[in-house]
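User: I am a first-year student and I would like a close look at one part of this structure. Please take me slowly through its aromatic rings and how they are placed.

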Amino acid sequence: VIRIAAFGDVHVGADSTGQLSPHLEDIEDRADVLLVAGDLTKRGFPEEAKVFGSELAGVGLPKVAVLGNHDFESDNDAEVVKILEDCDITVLEGESTVVDVAGQRLGVAGTKGFGGGFGGACATAFGEPEIKAFVRHTEGLARQLEHALCELDTHHKVALLHFAPCDDTLRGERLEIFPFLGSYLLGEAVDRGGASLALHGHAHAGTEKGATAGGVPVRNVAQPVLGRAYAVYCIGGDGDADES
Amino acid sequence: MASSLEPEEYVVLHVREALAQDGRVSELGLEVSVRGGVLHITGPVSTEERRAAVAEVAGEIAPELTVANETHVMRYSGDASVEVLP
């Protein structure tokens, strides 16, 4: 069994020092890897990324993250990624990484993702260049995610996103903003790539559990949804349901 | 700053925009409404500093309204949840 700890949307700022780390103290006893589903920082400032890195410094697990929209706000995303990598956090964007866990290999493919909407209420790349650019950004990220998943040759594959790949996990959010919270294109990539699990954040008022159209479990791990510092998902076991 | 002649619906939208874009808050998911001349703001924020800033920013945008800052600082409860997937 591989135990995956996950959270997203912690929105660390200069005023956040010491808020998260106490809740991660015994995480090594509970999980084998930590995945972070974006919005690590409040506005994507390098100082905020340093605070985030120091909050995770005591976590003795492989750490993998994607950025979220907040992490792009100040146009310092490249520096943010470098700071995180210096803090031993692997940051994925259209790429994958492999983690060796308890004799099994876990593949993680990640992308921030983007919006566009879901069945019957989607943006279409038609008309003005601005709407085409919006849709094509999501299309490109979805293609990269699918490619990264397909390239993995591991026992299990997890898709790590910030934006949602299905609308199940958006329940609780206003319907009108669904197109800004995720895209079916990301779900299609998750399905085609053969993922065992997809994790995302971004939708703070959403719901934890859902699935893609192809039946892949999707979990919204935004901290306001979880109501706790992180959740643990076990994959690769005998499949007996056991929740606490 | 919003004009006192502006319809309340627009004031609500300007406050929502400010709470997202102003670096003191940067929260996109807060609910804002006006009832009986009182601007109600609800939802979770990450820190006490950001909760205080919510009232500050809203007061700057809509000085003609009383601000009811009903946001709360997100607290972590209990241990991590554990789910075994098939």
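Analyst: What follows looks at the aromatic rings, and then at a lysine elsewhere in the chain.

The model is predicted, and over all its chains it holds two aromatic pairs. In one of them, the rings of F114(A) and F134(A) have centres 5.0 Å apart, and because their planes meet at 50°, this pair is described as tilted; the limits that matter here are that planes under 30 degrees apart would count as stacked and those over 60 as edge-to-face. F114(A) belongs to the loop between β6 (104-111) and β7 (117-118) of chain A, while F134(A) belongs to helix α4 (residues 129-151) of chain A, so the pair ties together parts that are 20 residues apart in sequence.

How buried or exposed are these two rings' residues? F114(A) has a relative accessible area of 22% and is partly exposed, and F134(A), at 21%, is likewise partly exposed. Both values can be read against the rule that buried means under 20%.

The other pairing again involves F114(A): its ring and that of F163(A) have their centres 5.7 Å apart with planes at 55°, so this pair is tilted as well. Here distant parts of the chain are linked, since F114(A) is in the loop between β6 and β7 and F163(A) is in the loop between β9 (156-161) and α5 (184-192) of chain A, 49 residues apart. F163(A), with a relative accessible area of 5%, is buried. Taken together, the ring pairs join F114(A), F134(A) and F163(A) into a cluster.

A ring can also have a charge as its partner, as with F72(A), where the charged end of K112(A) sits over the ring at 5.7 Å from its centre.

For another lysine, turn to K63(A), which lies in strand β3 (residues 63-66) of chain A. With a relative accessibility of 5%, K63(A) counts as buried. Its contacts, leaving aside neighbours within four places in sequence, are L34(A), L56(A), A57(A), C87(A), D88(A), I89(A) and T90(A). A polar atom of the K63(A) side chain also lies 3.4 Å from the backbone oxygen of V59(A). By contrast with these contacts, D168(A) is 105 residues away along the chain, and its C-alpha atom is separated from that of K63(A) by 27 Å.

Key. Residues numbered from 1 in each chain as written. Chains lettered and ligands numbered in written order. Predicted model: local features only at pLDDT ≥ 70, side-chain atom pairs only at ≥ 80, totals over all residues. Heavy atoms only, no water. Helix = DSSP H or I, 4+ residues; strand = E, 2+ residues; numbered from the N terminus. Buried < 20%, exposed > 50% of the residue type's maximum accessible area, 1.4 Å probe, protein only. Contact = heavy atoms within 4.5 Å. Polar contact = N/O pair within 3.5 Å; in protein donor to acceptor, adjacent residues only side chain to side chain. Phe/Tyr/Trp six-rings, centres within 6.5 Å; stacked < 30°, edge-to-face > 60°. Lys NZ or Arg CZ within 6 Å of the ring centre and 35° of its normal.
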